[in-house]
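User: Could you zoom in on one part of this model for me, then work outward from there? Keep it chatty, but give me the cut-offs as you go.

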Amino acid sequence: MKVLIVGGGGREHAIAVSMKKSKRVDELYCVPGNAGIAQIAECEPSIGVMEFDKVIAYAKEKKVDLVFVAPDDPLVGGLVDVLEAEGFRVFGPRKNAAILEGSKAFSKDLMKKYNIPTAAYETFDNPEEALKYLETAEMPIVLKADGLALGKGVLICNTLEEAKAGVKEIMMDKHFGSAGNRMVIEEFMTGREVSVLSFVDGKTIKPMTSAQDHKRAKDGDQGLNTGGMGNFSPSPFYTKEVDEFCKKYIYQPTVDAMAAEGREFKGVIFFGLMLTPKGPRVLEYNARFGDPEAQVVLCRMKNDIMDVIDACIDGTLDKIDLQFEDNAAVCVVLASDGYPVSYEKGFEITGLENFEGKEDYYCFHAGSKFDDKGRIVTNGGRVLGVTAKGATLKEARAKAYEATEWVEFKNKYMRHDIGKAIDEA
């Protein structure tokens with residue numbers, strides 16, 4: 001098969017590595033890709049993920065058999081529908097299903113209608129009404145921009161003053177652009193956060209192994225929200241009891257709810273969960289693999305990824321025995337200092353060859369490219385996802401941090417406490 005991956009980050013690199021292992025994939029293409037993906041696939045950096053006409057033309061030129069749409073923007077924008085209309089076989093939800101991530105108001109209303117456990121909330125189109133509501137609300141409280149905001153459109157406000165400033169930031173100053181035209185205000189929940197990715201074929205859902213993200217930029221969960229500074233899998237807090245509860249009251253009901261709404265979901269649903277004292281609650285849905293979750297989950301999957309993808313598209317996921325290795329993985333993100341606000345890029349990355357031929361070690365590229373001299377240089381806030389597998393979480397963490405020393409670039413920054421929660425498990 002010839003496969004085209006749409007996207008250019010660490011998630012897409014992890015997907016590409018999984019596909020490269022498949023006996024069924026002969027040729028791999030990626031738009032726009034990055035310098036890491038370019039080691040194993042033919043990339044076309046001049047094509048952006050939202051340039052649908054160019055993506056289609058490239059897919060036709062390469063005569064691809066399957067297109068895997070990985071990021072949120074093109075999924076919510078309807079790239080799957082457009083590709084299918086051109087006769088391509090595509091993995092990912094259609095536009096009417098990707099709204100599960102594209103609109104937080106939609107997903108909250110869906111959960112309320114179908115009794116899926118989540119935080120109490122209200123939705124607002126008008127900042128004055130939101131401010132009025134806050135006067136009587138309990139603090140702390142959570143403000144969420146309705147639309148896509150690169151995983152950053154969520155503010156946790158401890159005081160009324162902070163909450164009022166948050167409304168101004170989201171709805172009036174449009175800090176997250178049009179994503180802030182509507183806003184969800186919801187109760188603040190406490191507990192452990194856990195991520196569970198799942199494959200879905202419209203009716204059957206197969207959860208993958210659990211993972212736990214670190215969103216804040218600095219050690220000790222300080223600093224601003226980011227797209228993710230590191231991850232580990234599995235989460236020791238995701239017990240058998242939690243799994244059974246979620247399968248019964250969250251996972252299958254979500255798939256059934258989407259089908260009942262005439263929005264059949266095929267692809268990957270990412271469940272962001274909060275393990276509260278009252279039981280698991282849904283924090284958010286994503287309509288695709290998380291990043292860096294994909295980097296710690298896919299490297300532990302035993303199945304041929306192409307078999308699972310086919311089953312999702314063809315509605316035969318019930319016949320797949322989804323299996324994961326009985327081990328652990330930890331990913332530490334190497335970022336550009338100053339991320340997520342402002343940072344320099346274009347610095348040469350050295351030491352990448354240290355990962356070659358090393359079992360259990362991966363260096364997934366998130367923000368890299370080739371410069372005009374052919375050197376691999378930094379090209380984003382999150383640059384690399386250094387990932388390692390181990391028999392236990394502690395072993396995987398020690399190996400991942402060891403491997404962060406193998407690569408260097410100017411302004412390299414990382415958190416030093418990824419997976420610290422393991423010690424408390």
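Analyst: Let's start at a single bridge: Gly 7 has Pro 32, in E2, as its bridge partner. It belongs to the ladder between strand E1 (residues 2–7) and strand E2 (residues 27–32), which run parallel and are joined by 6 bridges. Strands here are DSSP runs of E with at least two residues, helices are runs of H or I with at least four, and both are numbered from the N terminus. Two strands pair if DSSP finds at least two bridges between them.

Some ground rules before going on. This is a predicted model, where local features need pLDDT of at least 70 and side-chain atom pairs count only at pLDDT 80 or more, while totals for chains, interfaces and linings use all residues. Residues are numbered from 1 along each chain as its sequence is written, and side-chain values use heavy atoms, with hydrogens and water left out.

Back to E1 and E2: they sit in an open sheet of 5 strands, ordered E3-E2-E1-E4-E5 with parallel pairing. Strand E3 (42–43) and strand E5 (90–91) are the edges, each pairing on one side only.

What packs onto this sheet? Part of the answer is helix H11 (residues 305–314), whose buried residues pack against E1, strand E4 (66–69) and E5, as well as helix H1 (10–21), strand E10 (192–201) and E15. For packing, contact means heavy atoms within 4.5 Å. With 8 of its 10 residues buried, H11 is largely enclosed by the rest of the structure. Buried is under 20% relative accessible area, exposed is over 50%, and partly exposed is in between (1.4 Å probe, protein chains only). The buried set in H11 runs Ile 305, Met 306, Val 308, Ile 309, Asp 310, Ala 311, Cys 312 and Ile 313, so Asp 310 is in there too.

E15 (residues 266–276) leads us to another pairing: 7 bridges join it to E16, and the two run antiparallel. They form a hairpin through 2 residues, with Thr 276 standing opposite Gly 279 in E16. E16 is mostly covered, having 7 of its 8 residues buried.

Follow the chain on from strand E16 (279–286) and you meet Arg 288, in the loop before helix H10 (293–297). At 12% relative accessibility, this arginine counts as buried. Ignoring neighbours within four places in sequence, Arg 288 touches Arg 11, Ala 70, Pro 71, Asp 72, Leu 75, Glu 101, Leu 197, Val 268 and Phe 270.

Elsewhere, helix H8 (residues 160–172) buries Ala 163, Gly 166, Val 167, Ile 170 and Met 171. They cover an arc of only 105° around the axis, going by directions from the axis to the C-beta atoms, which puts them on the same side of H8. Their packing partners are strand E6 (121–124), helix H7 (127–134), strand E7 (141–145), strand E8 (154–157) and strand E9 (183–187). Just after H8, Lys 174 takes a positive phi of about 55°.

Zooming right out, the protein has 12 helices and 22 strands. Of its 425 residues, 58% count as buried. Among contacts between residues at least 6 apart in sequence, 68% join residues at least 24 apart. The C-alpha atoms fill a box of roughly 60 × 45 × 40 Å along the principal axes.
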